[in-house]
Amino acid sequence: MEKEKISNNELKALGINEVDLLVSFSRVANGLLKHHVMSKAEILANLEALVDDPMPYALKKGGKFKNLAEEVIALRKEGKFIKQERANFKLKEEIADFPVWGLENIEIGALAQMRTAVQLPIAVAGALMPDAHQGYGLPIGGVLATTANTIIPFAVGVDIACRMCLSIFDLPAAAVDNEKDKLKNILVDNTYFGMGCTTKSYFDSSLFDSKTWSETKVIRSLKDKAYAQLGTSGTGNHFVEWGELTIADGAMPGIPAGNYLALLSHSGSRGFGGAVADHYSKIAMTKTKLPAQAKHLAWLDLDKDEGQEYWIAMNLAGEYASANHHEIHNKIARALGVKPMAMVENHHNFAWKEQLADGTEVMVHRKGATPAGEGVLGIIPGSMSTPGFLVRGKGDATSINSASHGAGRAMSRSAAFKTLDRTAIAANLVEKRITLLGSDVDEAPMAYKDINAVMAAQNDLVEVLAKFEPRIVRMANPKEKPED
């Protein structure tokens with residue numbers, strides 16, 4: 001079993017960046033941890049207090065942190081390791097109104113989180129989508145516009161740039177039955193799932209020629225991991241699936257109405273995005289102190305180094321997530337021997353610089369929400385046995401140009417394992433003619449809200465162009481721990 005350790009990233013989040021000081025802090029911290037003198041949380045809390053004010057620790061005879069405190073004091077006398085400015089913020093006393101779609105199916109916890117979010121001193125506007133459920137900081141399905149120079153890592157989400165991608169092939173939908181074995185084998189041979197999953201062959205790795213991979217130390221340290229995971233998918237609700245796409249007359253320019261074979265995928269920026277989120281969320285929570293109920297909504301200032309670093313890394317994670325999907329779709333198209341006639345994709349865990357209807361420049365965080373500006377195409381999936389939808393945004397200003405990112409969970413993963421019946425799940429999949437590769441009870445259709453009710457609740461936000469019925473679904477093996 002791997003021993004618990006205090007990482008350099010955790011120490012850097014306290015503002016400790018000088019190499020010699022970092023070595024000293026690491027030696028003391030991990031020594032105390034190794035010998036069970038204090039818990040990890042206690043050690044980090046003491047180090048955080050020491051960085052703020054080293055004098056009490058320097059004066060304590062025989063104190064475990066005395067030498068570190070003296071080292072910090074000596075550096076500050078030399079004009080080095082100057083005390084970091086750390087702000088304490090109060091929430092607004094008044095709770096701003098925010099629109100909610102599908103209120104009758106949204107849990108109280110998600111509403112409470114959204115109420116807290118709009119009380120942030122940097123909050124400008126908020127909205128809650130009909131698939132919303134409780135998360136960390138901002139609820140899943142939450143949309144939050146903040147002042148233009150601020151960004152909240154936890155309001156973007158842990159899986160930065162989690163996104164959808166749909167390829168439409170000029171092949172009849174009946175292929176999911178007529179060539180079922182072939183399509184299933186193509187999925188098995190060209191998709192890879194799991195938290196630490198990697199690949200060794202690539203269709204197009206040109207993204208790694210970008211100079212952005214050398215922009216910051218954090219990005220440089222994660223480049224090799226990102227390269228190894230290019231073209232892979234995560235765990236939890238990530239999937240790659242074949243299905244039948246029904247397109248209405250005139251809905252898609254250049255594509256006649258009809259039923260087509262389509263490929264749909266859902267995943268994000270893998271270990272790269274997860275590590276970026278972890279690193280900068282800790283920095284944000286260290287530098288921006290908020291009341292306990294809002295601590296995960298700590299933000300970074302884009303006018304400062306750490307804010308700029310996160311912005312660069314987040315946008316690179318967006319490019320990387322897109323490249324991941326393209327890698328999967330291109331490999332599958334090559335194996336199929338047919339190029340797609342159209343591809344549609346969108347993020348739903350990201351932050352964008354946008355303008356509100358009155359012209360106010362803001363940072364729009366969509367955590368589990370689909371961009372739905374006027375004319376913008378997007379994909380809203382259901383579950384493994386319920387339909388997904390290709391949509392076009394209507395540009396509703398009150399929703400901050402957003403829509404749901406899926407059906408949304410109706411129950412937690414633990415509740416699903418406790419309450420759902422495997423026999424009933426299997427019967428549902430047979431009834432819907434679903435071939436399932438991988439997954440477990442926590443991703444059962446019954447664990448999700450009714451996608452048709454969710455779509456009906458946001459009729460004023462998006463126009464449905466096509467309906468996707470999943471038929472051959474691949475997800476991570478049950479042994480894989482969910483990371484979404």
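**Strands, helices and rings in a predicted model**

User: Which residue in E3 stands opposite His133?

Analyst: Strands (E, at least two residues) and helices (H or I, at least four) are DSSP runs, numbered from the N terminus. E2 and strand E3 (residues 140–147) pair in the antiparallel sense over 6 bridges; strands pair if DSSP finds at least two bridges between them. Opposite His133, in E3, stands Ile140.

User: What pLDDT must side-chain atom pairs reach to count in this predicted model?

Analyst: Residues are numbered from 1 along each chain as its sequence is written, and side-chain values use heavy atoms, with hydrogens and water left out. The model is predicted: totals for chains, interfaces and linings use all residues, local features need pLDDT of at least 70, and side-chain atom pairs count only at pLDDT 80 or more.

User: Which strands stand at the edges of the sheet that holds E2?

Analyst: The sheet is open, with 4 strands in the order E2-E3-E12-E11 and antiparallel pairing. Each edge strand has a single partner strand, so one side of each is left without a neighbour in the sheet. The edges are E2 (123–133) and E11 (349–355).

User: By how many degrees are neighbouring strands of the sheet E2-E3-E12-E11 turned against each other on average?

Analyst: Axes are lines fitted to C-alpha atoms, for helices over the stretch in contact, and angles run from 0 to 180 degrees between N-to-C directions. For this sheet average, direction is ignored. Neighbouring strands are turned against each other by 15 degrees.

User: Which helix lies across E11 and E12?

Analyst: Contact here means heavy atoms within 4.5 Å. Helix H6 (residues 108–117) lies across E2 and E3, running at about 170 degrees to E2. Across E11 and strand E12 (361–367), at about 110 degrees to E11, runs H12.

User: What is the angle between the planes of Phe272 and Tyr320?

Analyst: Rings of Phe, Tyr and Trp (its six-membered ring) pair if their centres lie within 6.5 Å; planes under 30 degrees apart count as stacked, over 60 as edge-to-face and the rest as tilted. By this rule there are 13 aromatic pairs. Phe272 and Tyr320 form an edge-to-face pair, with centres 5.9 Å apart and planes at 85 degrees.

User: Which helices hold Phe272 and Tyr320?

Analyst: Both Phe272 and Tyr320 are buried (under 20% relative accessible area; exposed is over 50%, partly exposed in between, with a 1.4 Å probe and protein chains only). Ring pairs also link them with Tyr202, Phe208, Trp213 and Tyr227 into a cluster. The pair ties together parts 48 residues apart in sequence, because its rings lie in helix H11 (residues 270–287) and helix H12 (residues 305–336).

User: Which residue has its charged end over the ring of Trp311?

Analyst: A charge sits over a ring if NZ of Lys or CZ of Arg is within 6 Å of the ring centre and within 35 degrees of the ring normal. Arg409 lies over the face of Tyr448, at 5.1 Å from the ring centre. Over Trp311, 4.8 Å from the ring centre, sits the charged end of Lys353.

User: How far apart are the end C-alpha atoms of helix H2?

Analyst: The expected span is 1.5 Å times one less than the number of residues. H2 (residues 19–34) has 16 residues, so 22 Å is expected. The model agrees, with its end C-alpha atoms apart by 22 Å.

User: Which helices do the buried residues of H2 pack against?

Analyst: Buried residues of H2 include Leu21, Leu22, Phe25, Ala29 and Leu33. Polar ones are listed too, among them Ser24 and Asn30. They pack against H1 (8–12), H3 (40–52) and H5 (66–77).

User: Is His36 buried or exposed?

Analyst: His36 follows H2, in the loop between H2 and H3. Its phi is near 60 degrees, a positive value in a residue other than glycine. Most residues other than glycine have a negative phi. With a relative accessible area of 72%, His36 is exposed.

User: Where does Arg433 lie?

Analyst: Arg433 also has phi near 60 degrees. Its relative accessible area is 46%, which means partly exposed. Arg433 lies in the loop between helix H14 (422–431) and E17.

User: Which residue in E18 is the bridge partner of Leu437?

Analyst: Strand E18 (residues 462–474) pairs in the antiparallel sense with E6 (residues 239–247) over 8 bridges, and with E15 (residues 388–393) over 6. E17 (residues 435–437) pairs with E18 in the parallel sense over 3 bridges. In E18, Val473 stands opposite Glu241, and Ala466 stands opposite Leu390. The partner of Leu437 is Arg474.
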